[in-house]
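This report describes the overall fold of one protein and then turns to a single annotated site. Please consult the sequence and the structure while reading.

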Amino acid sequence: MKVTVVGAGAVGASCAEYIAMKNFAAEVVLLDIKEGYAEGKAMDLMQTASLNGFDTKITGSTSDYSKTAGSDIAVITSGIPRKPGMTREELIGINAGIVKTVATNLIEHSPEVTIIVVSNPMDTMTYLVHKATGLPKNRIIGMGGALDSARFKYRLAEALEAPISDVDGMVIGGHSDTGMVPLIGHATRNSVKVSEFLSEGKMNWVVEETKVGGATLTKLLGTSAWYAPGAAVSGLVQAIACDQKKMFPCSTLLEGEYGLNDICIGVPVILGKGGIEKIVEIELSDAEKAKMQESAEGVKKTNGLLEV
């Protein structure tokens, strides 16, 4: 199993670290345009191997896509990160060109690769990879919902004063502050709906805090977060590499599901060795359907800025 991570910044390096520590991949290749940067990150990570007990080989390369040849899975984190006050949508002009070039180069050297898109605005970048490459839809996956759901569960556990292992919940919709649809009505504590424990006001607080989860961290850190995004990506990679058949909310191309067409947006999917093996359609309330439709309109508006 060979995994390529394009972009050796904080998110890419964290992703590579978590993949290596889970010890399911033979090799992880880090690629970056900054001279020596990926090589340095790879060397630093390899020097933790004996300490952290993994045998995954991590190598780095400066813009040499031949080193990625034969990759089973590739993660695209390339692009500029959000700065304080900047929305994900504002990144589109710069990041679209980067992502298109990266995806084309990856496929040239690994025709059977499954691509996971992390670059923002993520739903639009995932759609761009579909339009630019023509890969089968099951092999193009946008990572947003897995991260947003982790942030949702963090806030739920905080509100419930419960251990995180007791909590389950999911966020669908667009990966943006206004587009997320945290499914509070479906959230549970050990199979019991959270509405049994929380007031409506507290549940609304959880939803709103989840939606601004990324922006909150950007304000605190002065840049985008990296630990949770890296962990979320590694979870998707492992589900595919190990054929786990796990369900995650991921951005995928919809063709009628949820009443939506020609759009990549976050919905529950089953991930296995075939990439997205199934889109799971769950029953939504009228309010959730309306929010999902509103989210989709926002994503389509951003997609309209693409030059494809």
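## Secondary structure

Helices (H or I, at least four residues) and strands (E, at least two) are DSSP runs, numbered from the N terminus. On this basis, the protein contains 10 helices and 14 strands. The model is a predicted one.

## Overall dimensions and packing

For a compact globule of 308 residues, a radius of gyration near 19 Å would be expected; the protein has 19 Å, which agrees. Along the principal axes, the C-alpha atoms fill a box of roughly 55 × 45 × 35 Å.

Of the 308 residues in the protein, 53% are buried. Among contacts with a separation of 6 or more, 70% are accounted for by residues 24 or more positions apart.

## Surface and charge

The protein exposes about 13,500 Å². Carbon and sulfur atoms supply 52% of this exposed area.

The protein carries 29 positive and 36 negative charges. The mean positions of these two sets of charges are 1 Å apart.

## The annotated site

In an unreviewed entry, UniProt places the feature "active site" at His-175. Where in the chain does His-175 lie? His-175 is found in the loop between strand 8 (171–173) and strand 9 (180–182).

Is His-175 buried or exposed? The relative accessibility of His-175 is 7%, and the cut-off for a buried residue is under 20%; His-175 therefore counts as buried. The residue that the UniProt record annotates as "active site" is thus a loop residue with 7% relative accessibility.

How values were computed
Residues numbered from 1 in each chain as written. Predicted model: local features only at pLDDT ≥ 70, side-chain atom pairs only at ≥ 80, totals over all residues. Heavy atoms only, no water. UniProt positions renumbered as here; feature names shortened; annotations may be inferred. Buried < 20%, exposed > 50% of the residue type's maximum accessible area, 1.4 Å probe, protein only. Rg over C-alpha atoms; globule rule 2.2 N^0.38 Å. Contact = heavy atoms within 4.5 Å. Areas by Shrake-Rupley, 256 points an atom, 1.4 Å probe, with all protein chains shown as cover. Lys, Arg positive; Asp, Glu negative; His and termini not counted. Charge placed at Lys NZ, Arg CZ, Asp CG, Glu CD.
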